[in-house]
Amino acid sequence: MCGIVGYIGHRDAFPIVIKGLQRLEYRGYDSAGIALYDGNKINLSKTKGKVEDLKNKAKEISLEGSIGIGHTRWATHGVPNDVNSHPHYSNSGNLVIIHNGIIENYEAIKQELTKRGYVFKSDTDTEVLVNLIEEVKKTEDVKLGKAVQIALNQVVGAYAIAVFDVEKPDEIVVAKLGSPLAIGIGNNEFFIASDASPFIEFTNNAVYLEDEEMAIIRLGKEIKLRKIKDDSVAYPRILELQMNLEEIEKGGYDHFMLKEIYEQPRAIKDTYRGRLLADQGLVKMSGIEQNMEKFINANRIIIVACGTSWHAGLVAEYIFEDLARIPVEVEYASEFRYRNPVITDKDVLIAISQSGETADTLAAIKLAKEKGAFVFGVCNVVGSSIARETDAGAYTHAGPEIGVASTKAFTTQITVLTLMALRLAKAKGEFSETKYREYLTELETIPSKVEKSLESNALIEIIADVYKDSTNCLYLGRGYNFPVALEGALKLKEISYIHAEGYPAAEMKHGPIALIDEHMPVFVIATKKGHYEKVVSNIQEIKSRKGKIIAIVTEGDEQVRDLADHVIEVPETLESLTPLLTTIPLQLLSYHIAVMRGCNVDQPRNLAKSVTVE
Ligand code: M6R
């Protein structure tokens, strides 16, 4: 769960690698490093801290050279410090490597290499790998590419690596298993990165390596792809990228998270564009049309995901059961894969993932496929591992989400899942034409209603100031808005480090109510549609125990206004669509509280955007 960048061509490698690393910092940001080849020798600089720290530290080395590799780290083996940072040299100093992933059997390999006289400076699995490559190169008397291929057949784990060898100074060797790796193809120059964002201003053409593929990237030559297992030739599939530079920059906002919150009206519209044809009374999704029988005849739908995507899955459970009348189970991918689940070929598994790289979700997919289930992916990142591993799927079109806290990914996932449920409901005849059209028309109004919800930002900032020093918070919601309560709590804890828990409002009396006193802020989603009266009773219970109530209500609500300490209004909509609106003020609240507490909103401590470790 790190970011890797490389360049080989005719430009200065340093600025390209540094800028690329900054774009990949969402993948990990506890240390960073760079190695440049100046035509004669490798110059390497690395440090604990962010890419900005590296930029300063690197001034102590020569920054010359048009070949370079760099790394931004999320520590797995070894604490974040200068020594454990990548790149890592081999013992001879001839090879340097950057690595995203985990080598599980590194201990055994390390022992063997130690017996052969190798010494290790760091605690990392990566330093073991680069020395294994060196050992293979020496003992087998082979060139770098072949040595990498042989060495990788001896390791167990996951990797995206780039290796440079001073003895082959016109090439970089890359390989992938489990962690993503893209190669940008320019005009007599190549870019290497964990995703395409580091090279988007240079080229739109990219090759995404498949698992167990490696490439020898040589100046002045075409890329050569090989299968790691048997060294057979593989053929590169060159994709034309759609991403643009503006999408991956802050565009005048203080933080990516705020930008991404404000992008939601556009992102939701982009997600339903071409799929939701409200005037014709149609939902068109090719992934569903082509597999309609599988969905309609499914015994059940199993949804697997992690974090925010899991919360979107919980919302989907309500939508699919309510609208399409298909039984749904929602599972944490990490639990599902390890509990010997009963899966049959009559099951449909939907995997939800913004990044499309989450290791547990990927493993759950593989397990379900082995058992014969049909697997459908809902991903944001085009060409990601999950998008490729699934039998079919539907992309959210949120655009790159850089802030570690998911915002637009959540609402666009719900949009896709709603479209799917509506299409299936129609196919199963669960809806009258009038009701169906009502849903479609209402879904089309959601972007403007999200815009309206965003207008509460100034009020939310005032409320954030009142509660910014809280140590605990509760989030309550019912029905469709129970997952929104969970998501609100997750947003607050991950970026402001305030302890927060979400509950179904009615569960409060089974325990959490004991926590309520005058110091406890309780964020309650109390929109008109959806168990309103019951939630109002819950609010009364909180009030009589002196808890502070911040309620998300439907525009014009007077009843809750009289009870609550603060109310934030969202426009009225159909109950099943309320999560798309009620989540907005909760995102903004977390954002402002985190900013007021001086937290690093886009890169919260200990986290990374893409969790490619189990
Ligand atoms: O990329 P994915 O959607 O698979 O990621 C899943 C979680 O890691 C992610 O949602 C995480 O919980 C976010 N930081 C939440 O904001």
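Visitor: How many disulfides does the structure hold?

Guide: The structure, which is a predicted model, holds zero disulfides. A disulfide is a covalent bond between the sulfur atoms of two cysteines.

Visitor: What makes Cys306 a residue that is in no disulfide?

Guide: The cysteine sulfur nearest to that of Cys306 belongs to Cys379 and is 12 Å away. A disulfide requires a pair of cysteine sulfur atoms within 2.5 Å, and the 12 Å separation therefore does not qualify. Cys379 is likewise in no disulfide, its nearest cysteine sulfur being that of Cys306, at 12 Å.

Visitor: Why is Cys306 called partly exposed, and why does Cys379 count as buried?

Guide: The relative accessible area of Cys306 is 25%. Partly exposed is the class between under 20%, which is buried, and over 50%, which is exposed, so Cys306 is partly exposed. Cys379 has 2% relative accessibility; this is under 20%, so Cys379 counts as buried.

Visitor: Which residues does UniProt list for "active site"?

Guide: The UniProt record, an unreviewed entry, lists Cys2 and Lys609 under that heading.

Visitor: Why are these residues said to gather at one spot?

Guide: They span 608 residues in sequence, yet no two of their C-alpha atoms are more than 9.5 Å apart, so they gather at one spot. Of these residues, Cys2 is included in the lining of the largest cavity.

Visitor: What makes Cys2 a buried residue?

Guide: Cys2 has a relative accessible area of 5%. Since buried means under 20%, the residue is buried. Cys2 is found in the segment before strand S1 (3-8). Not counting residues up to four places away in sequence, Cys2 touches Arg27, His71, Thr72, Arg73, Trp74, His99, Asn100 and Ser194.

Visitor: Where does Lys609 lie, and why is Lys609 called buried?

Guide: Lys609 lies in the segment after H20. Its relative accessible area is 11%, which is under the 20% cut-off, so Lys609 is buried. Leaving aside neighbours within four places in sequence, Lys609 is in contact with Tyr26, Arg27, Gln354, Glu401, Ile402, Gly403, Val404, Ala405 and Ser406.

Visitor: How many cavities of 30 Å³ or more does a search of the whole structure find, and what is the volume of the largest cavity?

Guide: The search finds three cavities of 30 Å³ or more. The largest cavity has a volume of about 70 Å³. Its lining is made up of 11 residues, of which Cys2, Thr76, His86, Gly101 and Asp125 are the closest to the centre. Strand S6 (95-103) and helix H4 (125-140) are the elements that give two or more residues to this lining.

Visitor: How do the residues of that lining divide into nonpolar, polar and charged?

Guide: The lining of the largest cavity divides into three nonpolar, six polar and two charged residues. Cys counts as nonpolar, so Cys2, a member of the lining, belongs to the nonpolar group. Asp counts as charged, so Asp125 belongs to the charged group.

Visitor: Why does Lys168 count as buried?

Guide: Lys168 has 18% relative accessibility. The cut-off is under 20%, so Lys168 counts as buried. Lys168 is found in the loop between strand S7 (157-165) and strand S8 (171-177). Apart from neighbours within four places in sequence, Lys168 is in contact with Lys143 and Arg218.

Visitor: What makes helix H7 (residues 264-272) mostly covered?

Guide: Seven of the nine residues of H7 are buried. They are Gln264, Pro265, Ala267, Ile268, Asp270, Thr271 and Tyr272. Each is thereby under 20% relative accessible area, because that is what buried means. The buried residues of H7 pack against helix H6 (256-262), strand S16 (276-277), helix H14 (408-427), helix H15 (433-454) and helix H20 (579-596). Just after H7, Gly274 takes a positive phi of about 80°.

Visitor: Which residues does the UniProt annotation "domain: SIS" cover?

Guide: According to UniProt (unreviewed entry), "domain: SIS" covers residues 291-430 and 463-604. Residues 291-430 are 46% helix and 20% strand, with end C-alpha atoms 18 Å apart. Residues 463-604 are 39% helix and 21% strand, with end C-alpha atoms 22 Å apart. For "domain: Glutamine amidotransferase type-2", UniProt (unreviewed entry) lists residues 2-220; over this span the chain is 24% helix and 33% strand.

Conventions. Residues numbered from 1 in each chain as written. Predicted model: local features only at pLDDT ≥ 70, side-chain atom pairs only at ≥ 80, totals over all residues. Heavy atoms only, no water. 1 Å grid on protein atoms, 1.4 Å probe; cavity = no way out; pocket = protein on both sides within 12 Å on 5 of 7 lines; lining within 4 Å. Points joined across faces, edges and corners; volume = space filled by probe spheres on them. Helix = DSSP H or I, 4+ residues; strand = E, 2+ residues; numbered from the N terminus. Buried < 20%, exposed > 50% of the residue type's maximum accessible area, 1.4 Å probe, protein only. UniProt positions renumbered as here; feature names shortened; annotations may be inferred. Contact = heavy atoms within 4.5 Å.
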